[in-house]
Every structure is written in C-alpha cells, then in structure tokens.
Amino acid sequence: KKLLLLNGPNLNLLGTREPHVYGSTTLADVEQAAIAQAKAAGAELDFFQSNHEGALIDRIHAARTEGVDAIVINPAGLTHTSVALRDALAGVAIPFIEVHISNVHQREAFRHHSYLSGIATGVICGLGVEGYRLGIEYALKKL
Ligand code: DQA
C-alpha cells in the first residue's frame, strides 16, 4: 500500500507558527512519525509540503502515475479558496482524508467552508497533529 501525506501553505512553519493554535510539533516531526507509522504497517509513505498551489496540484497528478492508494492532506489556507485543488483531487480519483490541526469551526467564519470536504472520504479537525496519525491509520486500514 502506498500513501501520500500532503501539507499546504505555511505548514513548513509548524512548531513556530502560532503555537497556541497549532502546537509545538514541527512538520519534520510529523513527517518522520508518518513514515514510521506506515513502515510499521508494511506500507510506503511519501510526503510533500509546498507553499504553492500549482506544486501541490502537480504532486497530486504524479500520485496517480505512482499508483498512490490514498492521500492524507492538510490543505491549510487553500482549503477555503481552492477550486483547483479540489478539481485535482477529483481528477485523479484517489481517496483522501482532509486533516486540520485546529478546529476550524471554532475559528473565523471564513474557515468554516472547505472546497475539499464534499469529496473527501472523511475530515478530521481540532485534534492537533494527532489528526495526521489518525488519518494515516484509517487510510492504512481502509483505503
Ligand atoms: C489549518 C486551518 C486553516 O484554516 C489554516 O489556513 C491553516 C491550517 C489547520 O491545520 O488547522 O493553515 O488547515
């Protein structure tokens, strides 16, 4: 089984970015834990973070060629703005889980809508970086 972990804009700053909202775990910590988690289940996991919408879209297209079985994605700010990211995920037809570290529904109204949720297998939000682990666990078992 092959998984892809994607992180969108500004998540490279995880650990130092608004730690009261996003915690102190770094993206490198999240990615290394994800690799270990997949490996322990006999699966493969690749990860990618970009601050650029097009780079994320290109990575999603490549995932189809690579035969990726499932994607776990924190689209970050693009969640609330990007029809193109939704179209890319719909286009490759790879099942995906949407993860948000914070509880977006507790925050500003502009964070309440996601362009991705309607086509996601499931959405995890508000459980901190634990959400990545839970999303990967589900993808490993079910997708
Ligand atoms: C986020 C929530 C988004 O609203 C925000 O733009 C982010 C991170 C989260 O993980 O809680 O960058 O996706």
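Ile73 stands opposite Glu98 in β4. Strands here are DSSP runs of E with at least two residues, helices are runs of H or I with at least four residues, and both are numbered from the N terminus. The structure is a predicted model, in which local features need pLDDT of at least 70 and side-chain atom pairs count only at pLDDT 80 or more, while totals for chains, interfaces and linings use all residues. Residues are numbered from 1 along each chain as its sequence is written.

The pairing of β3 with β4 is parallel and runs over three bridges; two strands pair if DSSP finds at least two bridges between them. These strands belong to an open sheet of five, in the order β2-β1-β3-β4-β5, with parallel pairing. At the edges are β2 (44–49) and β5, each of which pairs on one side only. From one strand to the next the twist averages 15°. For angles, axes are lines fitted to C-alpha atoms, for helices over the stretch in contact, and values run from 0 to 180 degrees between N-to-C directions.

On the other side of the order, β1 and β2 pair in the parallel sense over six bridges, and Lys2 stands opposite Glu44 in β2. Helix α2 (residues 27–40) packs on the sheet and touches β1 and β2, its direction making about 165° with that of β2. Contact means that the C-beta atoms of two residues, placed from the backbone, lie within 7 Å. Helix α5 (residues 130–142) lies across β1, β3 (70–74), β4 and β5, at about 170° to β4.

How many residues of β4 are buried? Five of the five are, so the strand is largely enclosed by the rest of the structure. Burial is counted from C-beta atoms placed from the backbone: a residue with 20 or more others within 10 Å of its own is buried, one with 12 or fewer is exposed, and one in between is partly exposed. In a regular strand the side chains alternate between the two faces of the sheet. In β4, Phe96, Glu98 and His100 are on one side and Ile97 and Val99 on the other, and all are buried.

His100 is in strand β4 (residues 96–100). It counts as buried because it has 22 C-beta neighbours inside 10 Å. Residues up to four places away in sequence aside, His100 touches Asn74, Cys125 and Gly131.

An unreviewed UniProt entry lists Tyr22 and His100 under "active site". The two span 79 residues in sequence, yet their C-alpha atoms are no more than 9.4 Å apart, so they gather at one spot. UniProt positions are in the numbering used here, feature names are shortened, and annotations may be inferred rather than shown by experiment. Tyr22 is found in helix α1 (residues 19–22). With 19 C-beta neighbours inside 10 Å, Tyr22 is partly exposed. Its contacts, not counting residues up to four places away in sequence, are Leu14, Arg17, Ile101 and Ser102.

Ile101 and Ser102 also appear in the unreviewed entry's "binding site" list, together with Asn74, His80, Asp87 and Arg111. The listed positions are spread over 38 residues of sequence and also spread in space, up to 24.3 Å between C-alpha atoms. Ile101 lies in the loop between β4 and β5 (122–125), and Ser102 is in the loop between β4 and β5 as well. Ile101 is buried, with 23 C-beta neighbours inside 10 Å, whereas Ser102, with 18, is partly exposed. Beyond four places in sequence, Ile101 is in contact with Tyr22, Gly23, Asn74, Gly128, Val129 and Gly131, and Ser102 with Val21, Tyr22, Arg107 and Gly126.

Which residues surround the ligand? They are Asn10, Asn74, Ala76, Gly77, Thr79, His100, Ile101, Ser102, Val104 and Arg111, where the C-beta atom of a residue, placed from the backbone, must lie within 6 Å of the molecule. By class, the shell has three nonpolar, six polar and one charged residues; Ala, Val, Leu, Ile, Met, Phe, Trp, Tyr, Cys and Pro count as nonpolar, Asp, Glu, Lys and Arg as charged, and the others, Gly among them, as polar.

Asn10, one of the shell residues, is found in the loop between β1 (2–7) and α1. It is partly exposed, with 14 other C-beta atoms within 10 Å. Most residues other than glycine have a negative phi. Phi of Asn10, however, is positive, near 75°. Glu18, in the loop between β1 and α1, has a positive phi near 30°. With 11 C-beta neighbours inside 10 Å, Glu18 counts as exposed.
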